[in-house]
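Student: Please give me a close look at the interior of this protein. I would like to follow the packing from one residue to the next.

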Amino acid sequence: MIATPLVALVIATLSLGAHGRRTTIVPKPNFVPLRPAPSTSSLQLTLALPPTNIDGLHAALYDVSDPKSPNYGKHLSKAEVEAFVAPKPDSVKAVTDWLTQHSLRPEAVSPSGDMLRIDIPVSKANSLLGANFTEFKNKDSGTTLVRTLSVTIPDDLEPHLQFIYPTTQFIVPLKPENPTFQVVNPPKLSRKRQSMPEQCAFEVFPECLQDLYHIPTAPATASGNSLGVSGYLSEFASTDDLDIFFDAFRPDVTTAPEFDVVSVDNGVTSGDGTLEASLDIQYTVGVATGVPTTFYSNGNPFADGFIDMVNFLLAQDELPLVLTTSYGFDEASFLGAEDLANTFCNAYAQLGARGTSVFFCSGDNGVYSFSFNSLCDATTFGATFPSTCPFLTSVGGTQNIPEVAASFSGGGFSNIFAQPDYQSAAVEGYLDALGSTNDGLFNRTGRAFPDVSAQSVNFITRINGTFGLVLGTSASTPTFASVVALLNDARLNAGKSPLGFINPLLYSQGACALNDITNGSNPGCGAQGFPTMEGWDPVRAMLLCMRGLWR
């Protein structure tokens, strides 16, 4: 499952106001104003300051992630990363002086100090920013947001601020989908493993994935290994469900399965098992056998909740070596708010530079991202976000044995991020073969996604006392993340570094360890999508088959 925000595309225009630069936006018709926001209500605003050397961070990330580099695997320290992204002292002084003049005390919410946060009454925010904060309702989702159609930033402050959020950004918070959940009885499995169980032709459980992808069943043993699972929307995974799941599908494991829970932004830390969290935990703990796993429960469903999650992790001395997330947004909602999208993406670059492999699901609506409605009348293909960020790994979906592309698997091209060099040759070959198919429906020069794919249909999951079948790229994503966690275990035991940001490896040396799927396409709800071909394509990229990488 991936969260489904149906959001407004905003068009920014700039004009010089009486006291500074004024930004005015026009929301799409699916947002309608309701009433002025109550003047005494409070807003929490995040102010992003420009990093000192973001190009240096990107160069360092690629240097430690390129297997051809002499610095491959020599990941950066916490202090080294923060030195790249910390704001210049002049910027810190300019912004804090401006806020202090208005009796506002900002709090640094990132370890490098490039993000500040203030709590401010609506009346004061209107005065400070020359704004008119209003309650808007999204006609598609029913969500209500407090936003303004214009803000004014003093001229002398303009070079020191990247954005203030939420002001003119109409990004709907995460909301759950209503995925199909088919109740089933779990198959009775032999405790003596021989060949792939015949049930794997219809349902997926850990033994199917282990046999199909040659995943080791022995527990991980390396000291320092770790795997993180992001959770939002009050999702939670029950230890009771996990115990029964292991009884049914991991009878070979003799120790009790476990995972830790960490709360971010007042995320839930107890409760009944819910669909997404149960799926993510059962197919990380249940596949990455013995790898210490932590569920990071985030209580903020808005876009800054994603930033808070990364900033929380970046503040730690020790990071999870793998982080998997099965939530996302429609990339189109960030058009007109590209600074916000780039700040998201740069936060994931910081994780990668420190040695964390970051995975996001590519989405479950084929080429239509989240922008389609029940009529499926979108006129262009859409992309998901943060899956299109070039500094993380996007995971698509396959189905069946032999495998074919899952028609719902999100994939395509970004309208915000340029195509990174590491994938340019692979994508160029696909576009040459594609010819004029789908011309005008997508951005041929954008970052292409997904990067890899794996099984994603009919995953048997125990949810609040009931076994059922779940599908989506949020099934393939924790699966792929678990494999990388086990690869890290092998590398750590051999005295090597963790894999970290794996895309440069995947598109070069790692491609030889990946199977190629050449059947299917990803139309989503529409009549056409991107067809599969030999090599990379936007349906399933390169299917995981890690036989060669275990050595």
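Tutor: Here is a walk through the interior, beginning with the nonpolar core.

This is a predicted model, in which local features need pLDDT of at least 70 and side-chain atom pairs count only at pLDDT 80 or more, while totals for chains, interfaces and linings use all residues. Residues are numbered from 1 along each chain as its sequence is written, and side-chain values use heavy atoms, leaving out hydrogens and water.

The largest nonpolar core (buried Ala, Val, Leu, Ile, Met, Phe, Trp, Tyr and Cys residues joined through side-chain atoms within 4.5 Å) holds 122 residues, and Y283, F306, F334, L351 and F530 touch the most other members. Buried here means under 20% relative accessible area, with exposed over 50% and partly exposed in between, for a 1.4 Å probe and protein chains only. Helix α9 contributes the most to this core, with nine residues; helices (H or I, at least four residues) and strands (E, at least two) are DSSP runs numbered from the N terminus. Beyond its neighbours within four places in sequence, L351 is in contact (heavy atoms within 4.5 Å) with V310, L313, L314, L319, L323, T356 and V358. A separate core of 23 residues includes L45, L49, L116 and L129.

Now for the rings. The whole structure has 33 aromatic pairs, counted for rings of Phe, Tyr and Trp (its six-membered ring) with centres within 6.5 Å, and called stacked with planes under 30 degrees apart, edge-to-face over 60 and tilted for the rest. One of them, Y422 with F501, is edge-to-face, at 5.9 Å centre to centre and 75 degrees between the planes. This pair bridges distant parts of the chain, 79 residues apart: Y422 belongs to helix α10 (residues 421–434), and F501 to the loop between α11 (473–493) and α12 (503–506). Y422 and F501 are both buried. Elsewhere, ring pairs tie Y232, F306, Y327, F329, F334, F344, Y348, F360, F385 and F417 into a cluster. F306 and F334 thus appear both in this cluster and among the residues that touch the most other core members.

The cysteines come next. Taking sulfur atoms within 2.5 Å as a disulfide, the count is two. C345 is joined to C389, S to S 2.0 Å, and the torsion about their S-S bond is about 85 degrees, so this disulfide is right-handed. It connects distant parts of the chain, 44 residues apart, with C345 in helix α9 (residues 338–353) and C389 in the loop between β18 (384–385) and β19 (393–399). C345 is buried at 1% relative accessibility, and C389 at 0%. The other bond joins C200 to C208, S to S 2.1 Å; with a torsion of about -85 degrees, it is therefore left-handed. C200 and C208 are buried too.

Helix α9 turns up once more beside helix α1 (residues 54–65): together with α2 (78–85) and α12, α9 is among the elements covering the buried residues of α1. Those buried residues are I54, G56, L57, H58, A60, L61, V64 and S65.

Finally, a polar residue. N300 lies in the loop between β14 (293–298) and α8 (303–314) and counts as buried at 12% relative accessibility. Leaving aside neighbours within four places in sequence, N300 touches Y232, D265, G305 and D308, and Y232 is one of the ring cluster's members.
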